[in-house]
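Take a look at the protein chain below. We start with one sheet and then step back to the whole chain.

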Amino acid sequence: MRTLSVSLVGGFLGVAAMAASSNITFNKDVLPVLQKNCQECHRPGEVAPMSLLTYSEARPWAKALKAAVVTQKMPPWFADPKYGHFANDRRLSPEEVEIISAWADNGAPEGDAKDKPAAITFPTGWKIKPDMVIEMPEAFVIPAKGTVNYQFIRVKGNITEDLWVESAEMRPSNPKVLHHGKVWVLPPGSKWMEDAVLGKPYEGVEARRNDQFDGNDILGKFNPGLGAQSFDIGGSAKFIPKGSDFVFELHYTASGQITSDISRVGIVLAKRPPATRYYLSPGTPAALNLVIPAGDPNAEVVAESVVGVDSIKLAYIQPHMHLRAKDYELRLIYPTGESQVAFKGKWDFDWQLGYDLKEPIVVPKGTRILTIVHYDNSANNKFNPDPQKTVYWGPQNWDEMQSSFLGFLIPANTDISQVLKASGPSLKPRPQSGPGPSLSMVELPK
Ligand code: HEC
């Protein structure tokens with residue numbers, strides 16, 4: 001009877017049946033799951049608090065491992081599976097969740113040593129073979145305790161000809177303390193940080209960014225477990241104009257000891273100029289006019305931009321908000337009036353995750369890109385620094401943002417200042433009363 005149900009209903013019940021017979025062991029079943037899904041972060045020197053390389057390391061955490069995977073707290077991934085498919089999807093399969101649960105429930109046995117898969121060797125250096133490395137000229141010192149504000153450091157480029165970049169990898173020298181980071185391309189003539197002293201760290205310079213469309217592009221990023229990023233989607237590459245400098249944006253967290261970090265970005269150059277450029281919008285759409293009333297548990301804020309050029313595709317979505325945001329939706333409204341939710345998901349400030357669309361979406365000229373976010377500014381939000389405060393746009397964690405880094409594939413000769421234009425609610429003055437701008441201010445197709 002049992003064999004029959006297993007063969008009819010497939011793998012999932014098969015595993016449940018295995019669990020019932022308490023066959024599941026660390027060496028045979030659990031370790032392969034940890035190797036594939038957890039060890040990139042859960043090993044010495046990486047971001048997670050404990051190592052999960054061996055049985056003796058993992059055993060004391062058996063119940064916590066079960067809780068983390070059953071609640072989907074781990075691995076970190078916030079996309080609602082009802083919308084979109086993503087190439088970098090980290091979710092476990094139901095079978096993998098069941099393996100960890102059953103193992104924890106059955107006393108977390110080690111099993112037979114001969115069942116143990118070979119240990120994974122993680123590369124200690126670059127994952128790409130960089131043709132060029134750009135690095136911070138001096139180490140940044142991170143205090144033992146307290147909050148470290150975002151740091152922005154302008155770094156000399158020495159770029160003597162136009163470059164096309166196939167892939168990039170940002171690497172801190174000290175991954176324990178770099179929570180996340182970005183390296184921006186600062187093309188010649190850009191106003192952002194134009195008067196910055198090279199190599200000197202500035203705080204919150206983001207606030208002084210003159211214009212969203214200053215030619216800035218994001219070259220490389222660091223997030224825990226992210227690794228290298230390829231810009232080659234069907235032959236596309238990232239552009240660095242001759243004469244560019246770079247801005248390192250760094251979010252450090254204190255580790256209990258005084259430490260320091262030198263972050264760098266390595267790039268692999270494309271062999272020839274590509275037909276398609278991979279361009280990352282520098283935080284657009286954006287609700288610069290947002291208002292979140294004090295105590296509001298569910299304040300809605302929308303932002304909108306319109307696609308201003310032909311023949312482009314949306315390939316990547318990375319929401320960016322601060323501590324009060326709860327969720328994020330990106331909706332496309334096509335010139336035909338049809339609409340599509342390209343992404344919907346929960347928000348967690350600790351993980352600035354980005355989502356690679358499995359199939360880039362064609363967004364014709366005139367397509368409206370609407371982003372919809374809800375904030376919890378009540379005392380029930382444990383991350384809320386001050387529920388008594390009405391919140392506006394600003395660079396610090398206690399201010400808010402509603403913005404998006406969107407990756408587009410565009411014809412190589414496109415004028416990037418024309419790719420996205422703020423529109424609709426994003427052009428209106430800040431709402432005088434209540435949260436917003438809200439969806440009720442947006443003209444939606446019938
Ligand atoms: C991208 C990096 C990353 C990956 C992948 C990852 N973790 Fe974590 N994990 C972390 C970090 C960072 C923390 C500590 C911060 C937190 O709890 O969010 C953590 C915390 C935990 C905790 C403690 C939770 C608590 O409540 O204290 C458990 C248990 C855990 N992870 C299990 C797992 C398991 C099991 C996997 C794989 C199925 C996994 N993690 C994959 C980074 C990661």
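## A five-stranded sheet

This is a predicted model. In it, five strands build an open sheet, and their order is β18-β17-β20-β15-β23. The pairing is antiparallel. Two strands stand at the edges: β18 (339-346) and β23 (420-422). Each of these edge strands has a single partner strand, so one side of each is left without a neighbour in the sheet. The sheet also twists: from one strand to the next, the twist averages 25 degrees.

## Around strand β17

Now follow β17, which covers residues 325-333. Which strands pair with β17? One of them is β20 (residues 368-375), joined to β17 in the antiparallel sense over eight bridges. Another is β18, which also runs antiparallel to β17 and is joined by seven bridges.

Some facing residues are listed here.

| Residue | Opposite residue | Strand of the opposite residue |
|---|---|---|
| Ala325 | Tyr375 | β20 |
| Glu329 | Ile372 | β20 |
| Ile333 | Ser339 | β18 |

β17 and β18 also form a hairpin. Five residues lie between the two strands. Gly337 sits in this turn and has a positive phi of about 95 degrees.

One general point helps when you look at side chains. In a regular strand they alternate between the two faces of the sheet.

## Three domains

The domain assignment splits the protein chain into domain 1 (2-115), domain 2 (132-274) and domain 3 (291-441). How far apart are the C-alpha centres of domain 1 and domain 3? They lie 34 Å apart. The two domains do touch: ten residues of domain 1 are in contact with 14 residues of domain 3. On the domain 1 side of this contact, six residues are nonpolar, three are polar and one is charged.

## The whole chain

How many helices and strands does the protein chain have? There are six helices and 23 strands. The radius of gyration is 23 Å, close to the 22 Å that the globule rule gives for 446 residues, so the protein chain is as compact as a globular protein of that length. Along its principal axes, the C-alpha trace spans about 65 × 55 × 45 Å.

Buried residues make up 38% of the 446 residues. Contacts often link distant parts of the sequence. Among contacts with a separation of 6 or more, 84% come from residues 24 or more positions apart.

Conventions. Residues are numbered from 1 along each chain as its sequence is written. This is a predicted model: local features need pLDDT of at least 70, side-chain atom pairs count only at pLDDT 80 or more; totals for chains, interfaces and linings use all residues. Domain bounds come from an automatic or database domain assignment. Two residues are in contact if their C-beta atoms, placed from the backbone, lie within 7 Å. Ala, Val, Leu, Ile, Met, Phe, Trp, Tyr, Cys and Pro count as nonpolar, Asp, Glu, Lys and Arg as charged, and the others, Gly among them, as polar. Two strands pair if DSSP finds at least two bridges between them. Helices (H or I, at least four residues) and strands (E, at least two) are DSSP runs, numbered from the N terminus. Axes are lines fitted to C-alpha atoms, for helices over the stretch in contact, and angles run from 0 to 180 degrees between N-to-C directions. The radius of gyration is taken over C-alpha atoms; the globule rule is 2.2 Å times the number of residues to the power 0.38. A residue is buried if 20 or more other C-beta atoms lie within 10 Å of its own, exposed if 12 or fewer, and partly exposed in between; C-beta atoms are placed from the backbone.
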